[in-house]
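Student: Before we start, can you put the sequence and the structure up here? I want to ask where some of the labels come from.

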Amino acid sequence: MNVLASRISGSVPFVVRDEVSPERVDAFFEMNDEGCRAISPLRYEARLIGTKRGIRLEASINAELERLCSRCGKADTLAMTWQVVLMLVDEAQAPKRDEVVLETDDLDVIFYKDVIDLEHIVLETVYVELDSHYLCDDSCHGVCLKCGANLNETACRCHPV
Ligand SMILES: [Zn+2]
Ligand SMILES: [Zn+2]
């Protein structure tokens with residue numbers, strides 16, 4: 001959802017609840033070549049609060065993702081939640097960029113111009129937070145590179161027990 005920055009004023013939070021269809025989530029991740037698929041709409045609640053330095057964004061994000069183990073290829077369904085706090089700063093302040101970044105209490109800063117694209121910010125956040133290599137288990141034995149057997153389920157001739 002796009003929010004006009006001018007709608008956020010003062011300390012009363014502007015609250016947005018929205019969802020992103022699995023198709024849109026997938027389009028975003030496929031573009032970035034992730035082994036990852038959304039199996040239900042990604043839901044988020046964002047609270048936007050005007051501050052002296054910019055707009056403080058507090059978001060809670062829920063997604064149900066199918067991920068493939070990067071060793072054995074097994075598909076797991078994961079319910080995931082992220083809480084993020086970011087500072088959104090008007091691009092018009094870009095000439096003072098470094099100064100602005102230093103003054104935002106160590107929060108990650110995102111610049112916007114007039115309109116805040118919440119969906120993009122949310123998807124980008126999830127993308128950054130996701131490990132690119134998902135393992136079904138830390139001790140996953142993967143598949144045999146010679147015969148293709150799943151070594152979690154069976155021993156193969158190439159790897160006698
Ligand atoms: Zn695995
Ligand atoms: Zn084998």
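Student: What makes β3 and β5 a pair, and in which sense do they run?

Tutor: Two strands pair if DSSP finds at least two bridges between them. Here 3 bridges join β3 to β5, so the pair qualifies under that cut-off, and the strands run antiparallel. One contact point to look at is C36, which stands opposite R67 in β5. Bear in mind that this is a predicted model, where local features need pLDDT of at least 70 and side-chain atom pairs count only at 80 or more, while totals for chains, interfaces and linings use all residues. Residues are numbered from 1 along each chain as its sequence is written, with chains lettered from A and ligands numbered from 1 in the order in which they are written.

Student: What counts as a strand or a helix, and how many of each are there?

Tutor: They're DSSP runs numbered from the N terminus: helices are H or I with at least four residues, strands are E with at least two. The protein chain has 3 helices and 8 strands, in the order β-β-α-β-β-β-β-α-β-β-α.

Student: Why is A38 called buried?

Tutor: The label buried takes 20 or more other C-beta atoms within 10 Å of the residue's own; exposed means 12 or fewer, partly exposed is in between, and C-beta atoms are placed from the backbone. A38 has 21 such neighbours, so it counts as buried. A38 sits in strand β3, residues 36-38. Across the whole protein chain, buried residues make up 17% of the 161 residues.

Student: What does A38 contact beyond its sequence neighbours?

Tutor: Contact means that the C-beta atoms, placed from the backbone, lie within 7 Å. Leaving aside neighbours within four places in sequence, A38 is in contact with P22, V25, D26, A63, E64 and L65. For E64, 26 residues away along the chain, the C-alpha separation from A38 is 6.0 Å.

Student: And why is K74 only partly exposed?

Tutor: K74 has 17 C-beta neighbours inside 10 Å, so it falls in between the two cut-offs and counts as partly exposed. K74 is placed in the loop between β5 (55-68) and β6 (75-90). Not counting residues up to four places away in sequence, K74 touches C69 and C136. The C-alpha atoms of K74 and C136 are 7.0 Å apart, with their positions 62 residues apart in the chain count.

Student: How do you know that β5 pairs with β4 and with β6?

Tutor: By the bridges again. β4 (residues 42-50) and β5 pair antiparallel over 8 bridges, one example being R43 with its partner N62 in β5. Another 14 bridges join β5 to β6, also antiparallel, and E66 has T77 as its bridge partner in β6. The hairpin of β5 and β6 has 6 residues between the strands, and G73 in the turn has a positive phi of about 85 degrees.

Student: Which strand does β6 join in parallel?

Tutor: That's β7 (residues 108-112), joined to β6 by 5 bridges. In β7, I110 is the bridge partner of L88.

Student: What makes one side of α3 the buried side?

Tutor: The buried residues of α3 are L118, V122, L123 and V126. They cover an arc of only 130 degrees around the axis, taking directions from the helix axis to the C-beta atoms, so they lie on the same side of α3.

Terms used: Two residues are in contact if their C-beta atoms, placed from the backbone, lie within 7 Å.
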